[in-house]
Amino acid sequence: MKNILYKISIILLALFVSCTEDVEFSSDTEALNGFSILESTVSSYVLNSGTPEKTIELTWKTAIPGVSKMPTYKVLFFKAGSDTPEFVSFPSNNDGKDNKLTVSFATIDEALKAAGYAVGETAELQWQVIATNGDVEVMTSKNNIEFVRFSNNGIKNFNLLLPSNNNIIKADIYADPNGEVAFSWEPATTTSGSGTIEYTLLFDELGGDFSDPLKSFPVPSGTSFTMTNAQIGQEFANNKNVIWTVKAKISNGVSELKAEKKYLNWDIFVINKLYLVGSHVGWNSSNANAFKSNGNGGFEIRIDLSANDEFKFLPTLGTFDGDWGEDPSNPGKIVQNGEQNMKVTSAGTYVITVDFPTLSVTVKEFKAPDNLYMVGSINGWNNGTAKPFYNDGDGVFSLTYDFNANDEFKFLQTLGTYDGDWGENPTKAGGLVQDGENNVKITTTGKYVVVVNFNTMSIKVAPINNLYSVGAHNGWNSGDASQKFNTTGNGVFVRVQTFEAGAEFKFLPTTGTFDGDWGKNPDKAGKLVQDGESNIPVATAGTYMINVDFNTLSYTVTQIPDNLFLVGSPVGWNPGNAIPFTKLSQGVFELSTALTASDEFKFLPTLGTFDNDWGESSKYPGILVRDGENNLKSPGSGTYKITVDFNKGTVVVQ
């Protein structure tokens, strides 16, 4: 039985390998597990006749013997796409025992020459490894490899000179931006003593091989290259440890050679953070305001300052060490020593920009425009008919619109002209910029609210095709489609909901997810925000009409009455004589009454008083509101049915 099981295991192992020759197995035959070539980062070699002793190295995973017979290896080279046998083969290192082949340029070139490849010709090949232990032979799949044969003229070895290996180079890009660092190397020579050599300075990350260098700099002439501290800061601020070499190549030839690499550590003086300290924080360095980094030594902050506020800049929060201020003899420039405070004369919102590559500072008072208009494919890019935004008076503008897919638009601050127009920041999605801006693009047809916030310099385009409530009243179930609001399609949504005391809720544009949810603006009562929002609380138990207006980014939560009365010119505006409605259902009231063409009226929840009266929206005809309402006007003389529906937030006279 043991002998039978052993034979079965041998057969299964033979089927597992990637490719085998037919072998007759017996109880004495030893298995050999399959193996594979290790993926190499180099698959193309230019064989340089100036360094014939240079070697290439190919490696593969070890083939596992069944019991005790160790395998030996042989590497075969084939012409790519050919079914002919290999044109050359080599035993692996250590007489075929190692899972590695090291072979010189000269040996490879001789084999290519014997295979008929011409001088300088590119040979597209495949290579394969065969392992055998005397009983079983297995082989890897074929891998592609490419060699360029020796040319008649090669490049001899040359060495890097300066900077020395493992050197630390200081690059103060602010105090000495024009300071220079020189790289130099020996001139490379050719085997024939003729031919023009071109050089390229290469940098790579630690562990790289320069096949895809981190940075490369062609050398115009000579055997040296100079970089300024400012250039070093710009190129290597995020790569402090690098390796470098120089590649030499014969012009109009194939031979090239890289010098032996050296290691380098940049000690770059880079300010990654910046803080504003001054009289606005009582000169408390721990309370200094953080700038926003724009990259490459640029910083910006938007801040409210009082008249005569003074300030300076800190690279480290909590300490004045290394602080910067304005150069007293060069306004608009910053220095670290002998600096003076900067000052604003009037109260306002300011944008302060600090640019360390140029050691400059600008202070500009920022004011949001008084008006904002949308222009784009929605109106044929006619700046005279641009769509007006709603201005909340605090630097936030909003507009709802039905867009088509691929619509584009931007923003005007003056109707009829593109002067001073605004658009999207091309380097920051959702950012608002005035210069070099892109158009805002819509990808999917639908109704959206566009919010332009000059306080955060941001643009938000949010879909509002539907709206749902979610909160304590439905166990915060975002997938509850029954919580859908009613809408007339003008950006206003209405829903009636019964709440327990202390309940909280918010709004969802899509069921099943809290993504893109809206809630209470914690800094502005009755206003909506999508980011940094709070839940909306309900203090007293009852049934409420929730009204959400995306045109003004506002909401109201108003308790609906149990009764309703009509007051107006038909009763001489006497609340004590108001006409009662019939309650058809929760939130729905109906009344049939005679009206004249000149009659006006509104609705009272309590007979005898105008407290909490309701009327028609001044902005949206047929929409029911309690605050800022208009009287409704009779459509003519006759008997009319008046329907007030708090569930839909509508009033209909017909």
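**Note on the predicted model**

1. Strand 41 and strand 44 (residues 536-537) run antiparallel, joined by 2 bridges. The model is a predicted one. In strand 44, isoleucine 536 is the bridge partner of phenylalanine 505. Strand 41 also has strand 38 (residues 468-471) beside it: these two run antiparallel, with 4 bridges between them. There, glycine 471 stands opposite phenylalanine 505. Phenylalanine 505 thus has a partner named in strand 44 and a residue opposite it in strand 38. Strand 41 spans residues 504-508 and is mostly covered, with 4 of its 5 residues buried.

2. A second sheet to look at is open. Its 4 strands come in the order 19-18-22-25, and the pairing is antiparallel. Which strands stand at the edges? They are strand 19 (289-290) and strand 25 (342-343). Each has a single partner strand, so one side of each is left without a neighbour in the sheet. For strand 25, the pairing with strand 22 (residues 310-314) is antiparallel and runs over 2 bridges. Across that pairing, phenylalanine 311 stands opposite methionine 342 in strand 25. As a reminder, strands of a sheet pair through backbone hydrogen bonds, either parallel or antiparallel.

3. Now the nonpolar cores. The largest has 50 residues. Phe183, Phe203, Trp266, Phe313 and Ile352 have the most contacts inside it. Strand 15 (residues 241-250) gives the most to this core, with 5 residues. Another core lies apart from it, with 31 residues, among them Ile56, Leu125, Val129 and Ile145.

4. Phenylalanine 313 deserves its own point. Neighbours within four places in sequence are left aside here. The contacts of phenylalanine 313 then include the aromatic residues Tyr275, Phe291 and Trp324. They also include Leu274, Leu276, Ile334, Met342, Ile352, Val354 and Val361. Asp323 is in contact with phenylalanine 313 as well. Of these contacts, Ile352 is also listed with phenylalanine 313 among the residues with the most contacts inside the largest core.

5. Aromatic pairs come to 36 in count. One is formed by phenylalanine 183 and phenylalanine 203. The pair is edge-to-face, at 5.5 Å centre to centre and 85° between the planes. Phenylalanine 183 lies in strand 11 (residues 180-185), and phenylalanine 203 in strand 12 (residues 197-205). The pair therefore ties together parts that are 20 residues apart in sequence. Are these two rings buried or exposed? Phenylalanine 183 counts as buried, at 0% relative accessibility. Phenylalanine 203 counts as buried too, at 0%.

6. A second pair has another geometry. The rings of phenylalanine 403 and phenylalanine 409 have centres 5.2 Å apart and planes at 20°, so the pair is stacked. Phenylalanine 403 is buried, with a relative accessible area of 1%. Phenylalanine 409 is buried at 0%. Ring pairs also build a cluster: Phe183, Phe203, Phe217, Phe225, Phe236, Trp244 and Trp266 are linked in this way.

7. Helix 3 (residues 105-114) has two faces. Its buried residues are Phe105, Ile108, Asp109, Ala111 and Leu112. Why do they share a side? They cover an arc of only 160° around the axis, which puts them on the same side of helix 3. The face turned away carries the exposed residues Glu110, Lys113 and Ala114. The cover over the buried residues includes strand 1 (44-46), strand 2 (55-59) and strand 4 (88-91). It also includes strand 5 (100-104), strand 6 (122-132) and strand 8 (143-148). Just after helix 3, glycine 116 takes a positive phi of about 100°.

8. Two asparagines in loops close the list. Asparagine 425 is in the loop between strand 33 (423-424) and strand 34 (432-433). Asparagine 425 is buried, because its relative accessibility is 18% and the limit is under 20%. Its side chain makes a polar contact with the side chain of threonine 427, at 2.9 Å. Beyond neighbours within four places in sequence, asparagine 425 is in contact with Gly431 and Val433. Asparagine 574 is in the loop between strand 47 (565-568) and strand 48 (579-580). Asparagine 574 is partly exposed, with a relative accessible area of 34%. C-alpha to C-alpha, asparagine 574 and glutamate 408 are 54 Å apart in space, and they are 166 residues apart in sequence.

Conventions:
Residues numbered from 1 in each chain as written. Predicted model: local features only at pLDDT ≥ 70, side-chain atom pairs only at ≥ 80, totals over all residues. Heavy atoms only, no water. Buried < 20%, exposed > 50% of the residue type's maximum accessible area, 1.4 Å probe, protein only. Polar contact = N/O pair within 3.5 Å; in protein donor to acceptor, adjacent residues only side chain to side chain. Contact = heavy atoms within 4.5 Å. Arc of directions from axis to C-beta. Pairing = 2+ DSSP bridges. Core = buried A, V, L, I, M, F, W, Y, C linked by side-chain atoms within 4.5 Å. Phe/Tyr/Trp six-rings, centres within 6.5 Å; stacked < 30°, edge-to-face > 60°.
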